[in-house]
Structure formats: C-alpha cells, structure tokens
Amino acid sequence: MLLTFKLALVTTLILLLIGIPLAYYLAYTRSKLKPVIETIVSMPLVLPPTVLGFYLLMAFSGENAFGRFCEEVLGFRLVFTFEGLVLGSVIFSLPFMVQPIQAGLQSLPGSLIEAAQMLGKTKPQILFRVLLPNIKPSLLTGIVLTFAHTVGEFGVVLMIGGNIPGETRVASIAIYDEVEALNYATANDYALVLFLVTFSILLLVYIVNRSFLKRV
Amino acid sequence: MQLSVELSLNRGEFVSIFGESGVGKTTILRVLAGLCEPDEGYIEVDGKTWFDSKKGVNLPPQKRGIGFVFQDYALFPNMTVEENLRFALKKGESEEVVDELMDLVELRALAKRLPSELSGGQRQRVAVARALVQRPSLLLLDEPLSALDHTMRSKLQEELSKLHERFSLTTLLVSHDPSEIFRLCSRVVRIEQGRVVKDGTPSELFIKERIGSSFKFVGEVLEIDRCDMLYTLTVAVGGQIVKVVASKSEREGLRVGSRIQIVSKSFNPMILKIDS
C-alpha cells in the first residue's frame, strides 16, 4: 500500500519537474516539430498499457543497449525494481501532467507575457512570477491526474514490475493477485482502502480548487 | 497589406497615430517595442540602434526601456495593484516611485485590490502607472481609453496629459478619436493602407475648412417617416438619436440602415455650458 503511494508521489514530483518545461515549450513554440512532439507526449493516452509495458521491458532488460547502459554505467537495474517502475510510470503518466499545464498556459492572454517583457523581466522570472501563479488550477489538475493515474496503473507495472513484494508489488497488482488466489476478502480490503484514499485526495483537491477559484 | 512607414519623433512630443482599424497602428507600436520584427527596417533611438535588419541588430523588448500600455491593460491577475506596480521595479530599486505613482493617479485606496475587483477606468490607471514605474523616456499607448465611457475618458485624458508633463515623456498614442487627439497631442500621423498619408498638427489634419463653415456628422438611418410632402428621418449620430427633416430628393435611395452625412451650417449654433 505504502509502496503504491510512494510510487505515485515520486512519479508526480518528477513529472512536475519535467512537465513544466515541456508544457512551456509546447505552449509557445512555433517549430514545425510541435505536432510530432505533441503526438509522442499523447501516445500513452491511447496506447494499450501492455504494449508500452512490453516495449519498456525490452528496452530495460539487460540484453539491450539501454538496459545494459543503466546497469553497467549508472549502477541500477530497471526490470523488476522500484526505479524501473518509476521510469515506466513517468513515461506513462506524462500526458496527464503536460497537457493540463500546456492548456493552461495557452489560455493565458499573450499580452501578459509581453507586458512582463516590456518591464524587463527574463523568461524564468515571467514563468515563475506571472505564468505559473495564474494557472494554479491547471497545475493542480496535472498533479492530481498524474497521482491518481499512477496509483491505478496496472498493465505497465505488471510487465516491468514483476510483482515482487516490498519492491514492485503495488496495490493494483496485489489486488489482482489476491483475486487470482481466490482471497476475495483480502482483495476487497486492498481495493477498499485504495478507493477511499484516492476518493479523499480528489475530494480535498476539488474543495481547495473551488475556494481558490472563488477568491480569483 | 504591406505596412511601410518612415517616422521620426522628437523628445517631449505627444504624438498620435491615427487611422482606421486594421491599418497597422498597433503594429507600429509593437515594432517600436520590439514585440514584432519587421521584415526590413531601421530603428534608432537617442543615437542607439535598436533594430537594423541589414546588420542583424535586434534589441529585445526587455532592454528597450519603453513604457507600454496594452489595449487590454494586461494587468497580472495574481497580483494586487500594489504588487503589479512593485513587479515593475528593477532589482534593488526603491519603492518610492511606486508610492509616488499611486498617489498621482489616485490608486492608494485600491492598493490591495486584485485586477478582477477593479473597474475599467481603474485598471487603465494601474496599467499607465505600471508603465511609468521604471521612468521610461518613451511611453506607448495602444488605444488605452477605447473601452471606457465618455466621462471616464475625459478624466483619464487629463491625467495622461499631466503625466506626460510631469515625467517629461515622449508619448506615442494610438487612437481613432479626433477629439481625444485634439486634446492631448501636438502632432498627428495619419496612416492609410499601410502608409503615412499625413503628418501635422491636429488642426491641420482634422479641420478642413475655414472657421465657421459647417458641422458634418455621419450617421445611420433608423427610421423613415412620411409627413405630407416631407420626410422625417430618425438617425443615429455618434451616441445620439436625432430627427431631421428631409425633402423627397434627399430621401431618395435611402432606407433603414443607410449611412448618411448630415451637414449643417455652424455659424450661429446654440452654445451651452455643461457644469463639471
């Protein structure tokens, strides 16, 4: 259980760090590559999780260049480890963080950035003091969707996680396991806890969001 | 449509760019501000080259030190009035100028309000104040008063005039309102079809005939009523609705929605003072 939330938290934080620059780039670039990058980012939305899981398994495994690189040069294994799950979840939940933030940025009037430029502000100053504070609901949406999506992830985790207790056995896998073993009671315990916790988190977030919107 | 403009401003002038919508007025401001790059051209300010397409010089807007007031004011929604002004300060700069400006444009009472809690006229004042925090030498205004009602416009026109004097600004104002230009500007540049067609004082541009000739109004016909041998036209002129009498020949070809010009001798009109 703890593992599930640890995975979701780490994934969300990493995606926040990666997602904001990526969303900023996509929102404002006029490059011809934009549709290509947007497609790549959106792929996890439509791709069956097992497909992604399979390719990640191939990429991560020690037989392949990337997997070997990680093991030999960076010192950690990607298959059947928590780190591998994190990487898989980051890839898989990418659009859930990037798209809301990108949409939020694109909905801001262009004159805000221009006004800040006229006042001599640099791009980072504009991003952190003008843009991000004005898309708080989008940031919140991104965080919540990413977190919830990672908690619910099953297909990818199954492929590259391996169901190792304490390491890669997240709640969604555990539930599946218990059902397979006909331990419906245990399965129900896990499922119920998961349901209640995610429900409470989402509820809290929507309440906070609403009071923020009222203020603005 | 190609925009091709050659223009020079003198320090301390209050100049207006005048013309119809879409003719390129805002683009001229944006090019000067560095928000828009012309295909070809040259901008020099106080001996310094800001833009030169031949030499590849393009000073970014952040470094041009211009005050710019946008048509939608562009106030930062997440900051209060005071914070919006403080944001304009450079690192380490004293906050005195913020206090001074807030008093000058009478914003002190609104200091802690967010832009969403302000009226149009209040927002406009914040936008102008914010543009002046860095004490720019050049102030660009993009139709700043177009969204306001008549009384507020007059009041703010006076404020702009005072600020222009007080801060020894060189101001460039985009406007389509002749009376506003008359009130504020010493020089008007008229743009048509992407080119400068006239450059002179407001009198030279707007007063075409000798004093005492005629009033000319453009209006739209709302209603045509017949009354014996004559017709009564109900016309919308500016913000007013008037009734004028028209002869059969004058009425010819007119229908509801027609645009007409009403010309009246202005030699002996009634002049009434409005108490302020």
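Which residues of helix H10 (residues 171-180) of chain A are buried? To find them in this predicted model, select H10 in chain A and display its side chains. The buried residues are Ala171(A), Ser172(A), Ile173(A), Ala174(A), Ile175(A) and Glu178(A). Next, move past the end of the helix to Leu182(A), which follows H10(A) and has a positive phi, near 65°.

**Confidence**

Colour the model by pLDDT before continuing. Chain B has a mean pLDDT of 86, with 96% of its residues at 70 or more. For the complex, the predictor gives an ipTM of 0.76 and a pTM of 0.77. Where pLDDT is low, the predicted coordinates should not be read in detail.

**The sheet of chain B**

Select the strands of chain B in the order E5-E6-E7-E1-E8-E9; these six strands form an open sheet with mixed pairing. At its edges lie strand E5 (66-69) and strand E9 (195-200) of chain B, each of which pairs on one side only. Neighbouring strands of the sheet are turned by 15° against each other on average, direction ignored.

Now restrict the view to strand E1 (residues 14-18) and strand E7 (residues 170-175) of chain B. These two strands run parallel and are joined by five bridges. As one point of reference, Val15(B) has Leu172(B) as its bridge partner in E7(B).

**Helices against the sheet**

Add helix H1 (residues 25-33) of chain B, which packs on the sheet and touches E1, E5, strand E6 (138-142), E7 and strand E8 (187-192) of chain B. The direction of H1(B) makes about 150° with that of E6(B). Then add helix H4 (residues 120-132) of chain B, which lies across E5 and E6 of chain B and runs at about 170° to E5(B).

**The nonpolar core**

Select Phe76(B) and Leu140(B). Within the largest nonpolar core, which has 107 residues, these two touch the most other members. The largest share of this core, ten residues, comes from helix H5 (residues 82-107) of chain A. Centre the view on Leu140(B): apart from residues up to four places away in sequence, Leu140(B) touches Leu29(B), Leu32(B), Ala33(B), Ile66(B), Gly67(B), Phe68(B), Val69(B) and Leu172(B).

**Between the chains**

Finally, show both chains and select the residues in contact: 18 from chain A and 22 from chain B. The size of an interface is often given as the accessible area lost when the parts come together. Here, chain A and chain B bury about 1900 Å² between them, 61% of it on carbon and sulfur atoms. On the chain A side, select Glu114(A), Met118(A) and Leu119(A), which lose the most area to chain B, together 36% of what that side buries.

Key: Residues are numbered from 1 along each chain as its sequence is written. Chains are lettered from A and ligands numbered from 1 in the order in which they are written. This is a predicted model: local features need pLDDT of at least 70, side-chain atom pairs count only at pLDDT 80 or more; totals for chains, interfaces and linings use all residues. Side-chain values use heavy atoms; hydrogens and water are left out. A nonpolar core is a set of buried Ala, Val, Leu, Ile, Met, Phe, Trp, Tyr and Cys residues joined through side-chain atoms within 4.5 Å. Buried means under 20% relative accessible area, exposed over 50%, partly exposed in between (1.4 Å probe, protein chains only). Helices (H or I, at least four residues) and strands (E, at least two) are DSSP runs, numbered from the N terminus. Contact means heavy atoms within 4.5 Å. Two strands pair if DSSP finds at least two bridges between them. Axes are lines fitted to C-alpha atoms, for helices over the stretch in contact, and angles run from 0 to 180 degrees between N-to-C directions. pLDDT is the predictor's confidence in each residue, from 0 to 100. Buried area is the accessible area (1.4 Å probe) that two parts lose on being put together, summed over both.
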